[in-house]
Each structure stands twice: as C-alpha cells, then as structure tokens.
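Let's walk through this one together, from a single side chain out to the whole chain. Have the structure open as you read.

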Amino acid sequence: LFRSLLRDASLGYTPPALEVLRDEPPFNDAGNASRLVQRYGQDLRHVEGVGWLRWTGAHWRVDQAGPQAEAEAVAEELRTSTAEGEVGLAHRKWGLKLGNAGPLQAMIQLAAKRPEIRIAPEQLDADPWLLGTPGGTLDLRTGLLRPAAREDLITRQTSTAPGWSRPASRFDRFLLEVMGGDPELAAYLLRFAGWALTGDTS
C-alpha cells in the first residue's frame with residue numbers, strides 16, 4: 001500500500017496518507033519548476049530571444065549555463081532530505097528521479113515560462129535615466145546614487161563607480177579651459193553631453 005501511495009505521489013497526486021506534503025509543490029515537472037523558482041527565482045530571469053539572466057548584486061548578466069546548478073541543487077536537497085517517516089522517503093525517492101537529465105531540463109524549461117521569471121526584451125534597460133555602476137544605480141535626473149535594485153532590470157554597467165569626492169579630472173580641467181574659465185558654462189556643457197548620451201529627445 002505504501003509503495004502504491006509513493007507511486008501516486010511521483011505522478012503528481014498527493015495521497016491522503018501524506019498530509020504534510022499538501023503544503024509542498026506536487027511531485028511532477030510543474031512542481032519541480034515551482035521549487036526552483038521558490039528557492040532561486042529572485043536572482044533569475046528569462047528573456048525570450050536572449051536566454052537566462054542572473055543577478056550579480058549590481059546588474060543582470062546573461063548566463064549561458066542558465067540555472068543548471070540550481071536545478072541540481074533542488075534535486076540534491078530532496079535526495080538528501082532528513083525528514084522522517086513517509087515524508088522523508090517520498091522526498092528521497094523523488095530526488096533520485098529528479099537528478100536525471102530529462103527531469104532537470106523539464107524543470108528549467110517550465111521555470112522559464114513562469115510569470116515571475118519571464119520578462120520581455122523591451123523591459124531591459126527601459127529607463128534611460130538610470131545608469132548602472134559598480135557602486136549602485138545613478139539617477140541621471142537627480143544625480144543621486146542609490147543601491148542597485150533587481151526591478152530596474154539594468155543589464156549594462158559602467159566600469160567604475162561615481163566618485164564625487166575625487167579631485168577634478170583632466171576632462172573637468174579641459175572643459176573649464178575651453179569654456180574660457182567659466183564654471184557655469186562648463187557645467188552646462190557637461191549636462192548637455194549627458195542628455196545627449198541618454199538618447200532621450202522628449
């Protein structure tokens with residue numbers, strides 16, 4: 001009887017005898033995708049035509065490997081479950097099956113279609129006034145630097161962070177020189193160049 005119940009669970013049906021498992025995703029491909037998204041989804045996105053993106057802590061970066069390691073970790077967590085009784089047996093049995101190439105790929109493919117993971121290409125870098133830097137996100141409208149946020153969907157980043165306290169650069173001195181020593185005119189030219197770089201003509 002117990003083997004029969006476990007067989008039903010592996011097909012996606014949670015039998016009455018395994019009441020605790022009712023709070024878990026089902027034992028099928030869709031349930032596996034749910035496990036992957038629940039554990040690692042905040043740092044993963046999938047874009048049609050682009051592929052998988054991974055959050056670096058400062059911006060989103062294309063990851064050719066995708067969440068393969070995360071999917072394998074989900075399988076390993078189930079396989080090595082320390083839960084007792086029927087729950088632990090069900091976990092370990094399903095973890096063994098999930099470690100095969102087919103179920104792992106099915107998990108990843110279905111996770112890519114989940115609404116919390118799937119985004120459209122036009123959503124990436126959609127705000128021209130937000131500049132990704134190693135030190136955070138710079139709002140070009142206000143000049144304020146704030147912590148990078150996943151929801152900004154920034155994929156591009158400068159090589160250096162802003163350094164407001166640094167001495168005037170050679171470029172700053174050059175601007176002042178060509179503007180005849182007029183700091184207001186030099187500042188205006190700098191702002192004008194910044195506006196031009198955004199490509200925003202509104």
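Is D125 buried, partly exposed or exposed, and what is its relative accessible area? D125 comes out as partly exposed, at a relative accessible area of 22%. Keep that residue in mind, since it comes back in the section on salt bridges.

## What kind of model this is

This is a predicted model, so confidence comes first. Across the protein chain the mean pLDDT is 86, and 86% of the residues reach 70 or more. The spread between elements is worth a look: helix α1 (residues 2–10) has the lowest confidence, with a mean of 46, while strand β1 (residues 44–47) has the highest, at 98.

The start of the chain deserves some caution. Over residues 1–20 the pLDDT stays under 50, and for that stretch the model has 27 contacts beyond four places in sequence.

## The overall layout

The protein chain carries seven helices and seven strands. Going along the sequence, the pattern reads α-α-β-β-β-α-α-α-β-β-β-β-α-α.

As for packing, 34% of the 202 residues in the protein chain are buried. Take the contacts between residues at least 6 apart in sequence: 52% of them join residues at least 24 apart. The chain exposes about 12400 Å², and carbon and sulfur atoms supply 56% of that area.

## Strands β1, β2 and β3

Here's a run of two hairpins. β1 and β2 pair in the antiparallel sense over four bridges, and V47 has G51 in β2 as its bridge partner. Three residues sit between the two strands of this hairpin, and G49 in the turn has a positive phi of about 85 degrees.

β2 then pairs with strand β3 (residues 60–62), again antiparallel, over three bridges. R54 has its bridge partner in β3, namely R61. This second hairpin has four residues between its strands, and its turn holds G57, with a positive phi of about 105 degrees. How buried is strand β2 (residues 51–55)? Four of its five residues are buried, so the strand is largely enclosed by the rest of the structure.

## The β5-β6-β7 sheet

Further along there's an open sheet of three strands, in the order β5-β6-β7, with antiparallel pairing. Which strands stand at its edges? Those are β5 (130–133) and β7 (144–146); each has a single partner strand, so one side of each is left without a neighbour in the sheet. From one strand to the next, the twist averages 30 degrees.

Between strand β6 (residues 136–139) and β7, the antiparallel pairing runs over three bridges. One residue pair to pick out is D139 with its bridge partner L144 in β7.

## Salt bridges

How many salt bridges does a search of the whole structure find? The search finds ten. One of the groupings is a network that links R54, D63 and E70. R54 is also the residue that has R61 as its bridge partner in β3.

Now back to D125. Its side chain meets that of R156 in a salt bridge, at 3.4 Å from N to O. D125 lies in the loop between β4 (118–119) and β5, and R156 in the loop between β7 and α6 (170–178), so the pair ties together parts that are 31 residues apart in sequence. On the accessibility side, D125 is partly exposed at 22%, whereas R156 counts as exposed at 60%.

Another pair is R141 and D127, whose closest N and O atoms are 3.2 Å apart in a salt bridge. This pair also links distant parts of the chain: R141 is in the loop between β6 and β7, and D127 is in the loop between β4 and β5, 14 residues apart. D127 is partly exposed, with a relative accessible area of 28%.

Then there's E116 with R114, a salt bridge of 3.3 Å from N to O. For E116 the relative accessible area is 38%, which makes it partly exposed. R114 is partly exposed as well, at 22%.

Key
Residues numbered from 1 in each chain as written. Predicted model: local features only at pLDDT ≥ 70, side-chain atom pairs only at ≥ 80, totals over all residues. Heavy atoms only, no water. pLDDT = per-residue confidence, 0-100. Contact = heavy atoms within 4.5 Å. Pairing = 2+ DSSP bridges. Axes fitted to C-alpha atoms, helices over the stretch in contact; angles between N-to-C directions. Buried < 20%, exposed > 50% of the residue type's maximum accessible area, 1.4 Å probe, protein only. Salt bridge = Lys/Arg side-chain N within 4 Å of Asp/Glu carboxyl O. Areas by Shrake-Rupley, 256 points an atom, 1.4 Å probe, with all protein chains shown as cover.
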